[in-house]
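Subject: Structure for you, with notes

Hello,

Here is the structure we talked about. My notes follow below it.

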Amino acid sequence: MGKDAGALHCPNCGGPAGPGDAACKYCHAALATVSCPACFAVMFEGAAYCPSCGARRARSTGAPVQAPCPSCHGMMRDVHLGDTAMLECERCRGVWLDAKTFEHICASRESQAAVLQQPRDPRPAATAIRYRKCVACGKMMNRLNFGHLSGTVIDACKGHGTFLDAGELHAIVSFIQGGGLDRARQRQIEDLHDEQRRLAAAEAFHQRASAQEIDSPSWSFADLQRLLDHIARR
């Protein structure tokens, strides 16, 4: 990287710059700092490599692919955040993640850091519920509240992948890093315990009812009729 490795330079003209500079002193290009997904050092958005560790910048964009966006039907482009590949719509900024990639993001702190360092797209205003088609198989996807507690409703096709509206991937990663999945697991354990107690109470009630039926005399229709006739004669 050279003797000035670790120093910040304008990604437009290469001039030296400080992490607090909003614009380059030489070419006046706007500067925005982000975190390196590998070492978390400060780097400028638009720089090809981290000045501290030399890692390639998190976000790179490839050529358009032949896949319509499930939301707006715009063109989806191949995008890489660190080592994570996804498809992103050029029009609405929605993203498609295959099943393994989505699981990788949920489990990898490095991939989550790469997501969080990107400018957060505003989440779209709530609209009428719409079901979208899977990018892979074309079938309608299921709508799921991620983690049951996050409040972020995603479109998922089991075995193929997940579509997220603009801003939702950032929201999911923030939910995970805030302990959301741990809270969801604890809620699931509590729900299972509640269900076990309910089933145990129902079984105990059934056993008591069965015992009472055995101990009680069995009445036939004729027995009841004779009892009514006896009462009527009194």
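A contact here means heavy atoms within 4.5 Å. Bear in mind that this is a predicted model.

**T152**

On that contact cut-off, T152 touches R123, L144, N145, F146, E168, A171 and I172, leaving out residues up to four places away in sequence. T152 sits in the loop between β7 (142-145) and β8 (153-157). Despite the loop position, T152 is buried, at 2% relative accessible area.

**Cysteines**

How many disulfides does the structure hold? Zero. A disulfide needs two cysteine sulfur atoms within 2.5 Å. For C89, the closest cysteine sulfur is that of C72, 3.4 Å away, so the gap is too far for a bond. C89 is also buried, with a relative accessible area of 0%. C157 is in no disulfide either; its nearest cysteine sulfur belongs to C134, at 3.7 Å. C157 is buried too, at 12% relative accessible area.

**Largest pocket**

The largest pocket holds about 490 Å³ of space. Its lining has 21 residues. Nearest the centre are F102, L144, F146, I154 and A156. Two of these names, L144 and F146, also appear among the contacts of T152.

Which elements each supply at least two lining residues? They are α1 (99-107), β7, β8, β9 (161-164) and α4 (180-215). By class, the lining has ten nonpolar, eight polar and three charged residues.

Best wishes

Notes: Residues numbered from 1 in each chain as written. Predicted model: local features only at pLDDT ≥ 70, side-chain atom pairs only at ≥ 80, totals over all residues. Heavy atoms only, no water. Helix = DSSP H or I, 4+ residues; strand = E, 2+ residues; numbered from the N terminus. Buried < 20%, exposed > 50% of the residue type's maximum accessible area, 1.4 Å probe, protein only. 1 Å grid on protein atoms, 1.4 Å probe; cavity = no way out; pocket = protein on both sides within 12 Å on 5 of 7 lines; lining within 4 Å. Points joined across faces, edges and corners; volume = space filled by probe spheres on them. Nonpolar A, V, L, I, M, F, W, Y, C, P; charged D, E, K, R; others polar.
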